[in-house]
Amino acid sequence: MSRIRPQKFVHVVYRTRRFEQMLAWYQIVFDAKVQYQNPALAFLTYDDEHHRFAFANLDVLQPGGGEADKRGLIGVDHVAYTYASLKDLFDNYEQLKARGITPYWCVHHGMTISMYYADPDGNQMEFQIDTFASSEEANVFMCGPINAANPIGVEYDPEDWLARMRAGAPLSDFLVRRVHEPMSPIRGALAAPPG
C-alpha cells in the first residue's frame with residue numbers, strides 16, 4: 001500500500017513576542033493580507049488558501065516572558081518556497097531589497113538556486129527555483145558525484161548575477177552550477193553557536 005502524502009504546502013505557525021513587526025514583515029514580503037486577527041492570533045494568506053501563516057502572540061498568551069530574542073536549534077530551521085522562474089526569484093529580490101529586506105545567504109545548491117531570509121524573530125526561509133526540468137534529473141544530481149563532493153553548494157553574489165542578467169546573459173546560463181568550489185559554510189541559525 002502506497003503512502004498518503006500531502007499535495008502542497010499549506011501553512012506555518014510562528015510563536016512570537018514581536019507580533020506587530022511579524023505581521024508587517026509578512027505583509028510586505030509576501031504581499032499577504034490579514035484574514036483574521038485578534039490580540040492573541042493572526043491568520044494571513046497570499047493566495048486563495050484560507051491561511052498560509054498563523055502567528056501566536058506570546059505577550060498575550062504567555063505574558064511576562066520577555067525573551068523576544070531567545071533562539072535555539074530546536075524548532076523550525078526554515079521553510080522553503082519555490083518560485084516559477086529565476087526572473088521571478090530576482091524580481092522578488094529587487095522588490096524586497098527596495099524595502100530594506102535582503103537575504104543572509106545566497107547559494108547555488110546544484111538542484112536549486114536559493115536565497116535565504118530571516119524574519120524579525122529569526123525564522124528562516126528559503127526562496128528558491130529548481131534548476132532541473134524534472135524531479136528525475138534533480139534526483140540523479142543529488143545521488144551523483146558532484147553533489148557528494150559538495151552537498152551544500154557554492155555562494156553567489158545576487159548583485160553580480162543581477163548585473164549579468166541585465167547585460168543580457170541568458171537565464172539558462174545560471175541554472176547549471178559550473179563551479180563546485182569553494183563549498184559554502186552553512187549560514188543561519190543552524191550555524192550559530194548555542195547561546
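# Two sheets and the helices on them

User: Which strands does helix α3 lie across, and at what angle to β7?

Analyst: Helix α3, residues 86–98, lies across β7 and β8 and runs at about 20 degrees to β7. Helices (H or I, at least four residues) and strands (E, at least two) are DSSP runs, numbered from the N terminus. Axes are lines fitted to C-alpha atoms, for helices over the stretch in contact (heavy atoms within 4.5 Å), and angles run from 0 to 180 degrees between N-to-C directions. The model is predicted: local features need pLDDT of at least 70 and side-chain atom pairs pLDDT 80 or more, while totals for chains, interfaces and linings use all residues. Residues are numbered from 1 along each chain as its sequence is written, and side-chain values use heavy atoms, leaving out hydrogens and water.

User: Which other helix lies across β7 and β8?

Analyst: Helix α1, residues 19–30, lies across β5, β7 and β8, at about 10 degrees to β8.

User: What is the strand order of the sheet that holds β7 and β8, and why are β5 and β9 called edges?

Analyst: Five strands form an open sheet in the order β5-β8-β7-β6-β9, with mixed pairing. Strands β5 (78–82) and β9 (154–155) each have a single partner strand, so one side of each is left without a neighbour in the sheet. Two strands pair if DSSP finds at least two bridges between them.

User: What makes β7 and β8 a pair?

Analyst: Strand β7 (residues 112–118) and strand β8 (residues 124–130) share seven bridges in the antiparallel sense, against the two that are needed, so they pair. One of the bridges joins Ile113 to Ile129 in β8.

User: Why is the packing of α3 on α6 described by that angle term?

Analyst: The axes of α3 and helix α6 (residues 158–166) come within 11 Å and cross at roughly 120 degrees. That makes α3 oblique to α6, because angles under 35 degrees count as roughly parallel, over 145 as roughly antiparallel, 65 to 115 as roughly perpendicular and the rest as oblique. The crossing is left-handed, which means that the near helix is turned anticlockwise from the far one by less than a right angle (clockwise would be right-handed).

User: Which residues make that contact, and what is their character?

Analyst: Leu86, Phe90, Tyr93, Glu94 and Lys97 in α3 meet Pro158, Glu159, Trp161, Leu162, Met165 and Arg166 in α6. They divide into seven nonpolar, no polar and four charged. Nonpolar covers Ala, Val, Leu, Ile, Met, Phe, Trp, Tyr, Cys and Pro, charged covers Asp, Glu, Lys and Arg, and the others, Gly among them, are polar.

User: What is the order of the four-stranded sheet, and where does α1 touch it?

Analyst: This open sheet has the order β1-β4-β3-β2 and mixed pairing. Its edge strands, β1 (12–16) and β2, each pair on one side only. Strands β1 and β4 pair in the parallel sense over five bridges, and Thr16 has Asn57 in β4 as its bridge partner. Helix α1 packs on this sheet, touching β1, β2, β3 (41–45) and β4, and its direction makes about 165 degrees with that of β4.

User: Why is the Phe30 and Phe53 pair called tilted?

Analyst: The structure holds 24 aromatic pairs. Phe30 and Phe53 form one with 4.8 Å centre to centre and 50 degrees between the planes. Rings of Phe, Tyr and Trp (its six-membered ring) pair if their centres lie within 6.5 Å; planes under 30 degrees apart count as stacked, over 60 as edge-to-face and the rest as tilted, so this pair is tilted. Phe30 is in helix α1 and Phe53 in strand β4 (residues 53–57), 23 residues apart.
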